[in-house]
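Welcome! Here are some short exercises to work through with the structure in view.

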Amino acid sequence: MKLKLKYFIILFLFFIPIRINAASVSLSISCPQSAVAGQTINCTISTNNSGNLNGISAKYSFSSGVSYVNFVSSGSYNVSNIKNNGFQLGNSNGLASYQVLGTLSVLIPSTAQSGNKFDIGLTDIGASTMDYEDISGANVSAKVSILSSNADLKSLSATGGNINFSAGNTYYEISISTYNTTISAQAADGGASVSGAGYKSLKEGKNTFYITVTAPSGAQKTYTLVINTPVTPKPQPQQPQPNQ
């Protein structure tokens with residue numbers, strides 16, 4: 001009798017329906033890889049959930065100094081609640097699969113230095129299924145690096161002449177006795193680019209050249225170099241001699 005009861009319990013447990021919640025929520029955040037100090041950047045927030053969800057929420061997580069600007073929703077989810085620390089979105093019809101939820105705008109601190117890295121992330125990610133069951137997702141974040149705005153030159157020279165260079169001085173005037181020179185210029189920041197240097201042919205008199213430095217951030221600074229070369233004296237017309 002005990003043996004039959006044992007088999008009955010096993011069969012009863014076997015046929016009990018086990019409810020498996022197939023829904024899941026997974027968010028992603030995509031931000032520019034680089035920015036400059038004081039810049040407002042836009043990050044795209046997307047969902048890639050499985051199963052139908054009627055609500056999604058998350059809180060923001062920023063590195064110190066980064067500040068919230070706004071969040072503009074998009075796609076098929078309606079705004080339930082938007083605050084400076086997170087958002088709640090809903091859709092009574094339930095939505096599955098990938099879609100863009102909206103754009104998060106944040107302000108990079110004006111005191112940020114070249115090479116600093118800031119995290120823009122989402123925490124406490126949660127969702128509600130069509131049966132109003134709560135599920136959660138893993139935290140996500142994106143990293144933004146600060147670009148240098150240093151557009152100074154480190155050195156400036158011209159063959160055949162002497163330049164008393166100072167990074168803060170953007171105008172120079174020198175004299176060269178030949179009619180060609182090579183201008184050499186090196187940026188103070190290794191990631192900056194320099195244009196306007198190289199071999200130059202010179203004409204008599206004043207020759208003006210512009211050397212422009214472009215920082216990784218896009219900031220520019222232009223140095224002016226004026227090179228004076230000898231002017232060949234023009235023969236004077238012969239004056240008529242007075243009659244003797």
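## Exercises on salt bridges and cores

Lys 221 is partly exposed, with a relative accessible area of 23%; buried means under 20%, exposed over 50%, and partly exposed in between (1.4 Å probe, protein chains only). This is a predicted model, where local features need pLDDT of at least 70, side-chain atom pairs count only at pLDDT 80 or more, and totals for chains, interfaces and linings use all residues. Residues are numbered from 1 along each chain as its sequence is written, and side-chain values use heavy atoms, leaving out hydrogens and water.

**Exercise 1.** Find the residue that forms a salt bridge with Lys 221.

*Solution.* Step 1: look for a side-chain nitrogen of Lys or Arg within 4 Å of a carboxyl oxygen of Asp or Glu, which defines a salt bridge. Step 2: the partner is Asp 152, with the closest N and O atoms 2.7 Å apart. Step 3: place both residues; Asp 152 sits in the loop between β9 and β10 (153–158), and Lys 221 in strand β16 (residues 220–229), 69 residues apart. Strands (E, at least two residues) are DSSP runs, numbered from the N terminus. Asp 152 is partly exposed too, at 25%.

**Exercise 2.** Find which strand gives the most to the largest nonpolar core.

*Solution.* Step 1: a nonpolar core joins buried Ala, Val, Leu, Ile, Met, Phe, Trp, Tyr and Cys residues through side-chain atoms within 4.5 Å. Step 2: the largest has 32 residues, with Ile 29 and Phe 87 among those with the most contacts inside it. Step 3: the strands supplying at least two residues each include β1 (27–30) and β3 (40–62). Step 4: β3 gives the most, with seven residues.

Conventions: Helix = DSSP H or I, 4+ residues; strand = E, 2+ residues; numbered from the N terminus.
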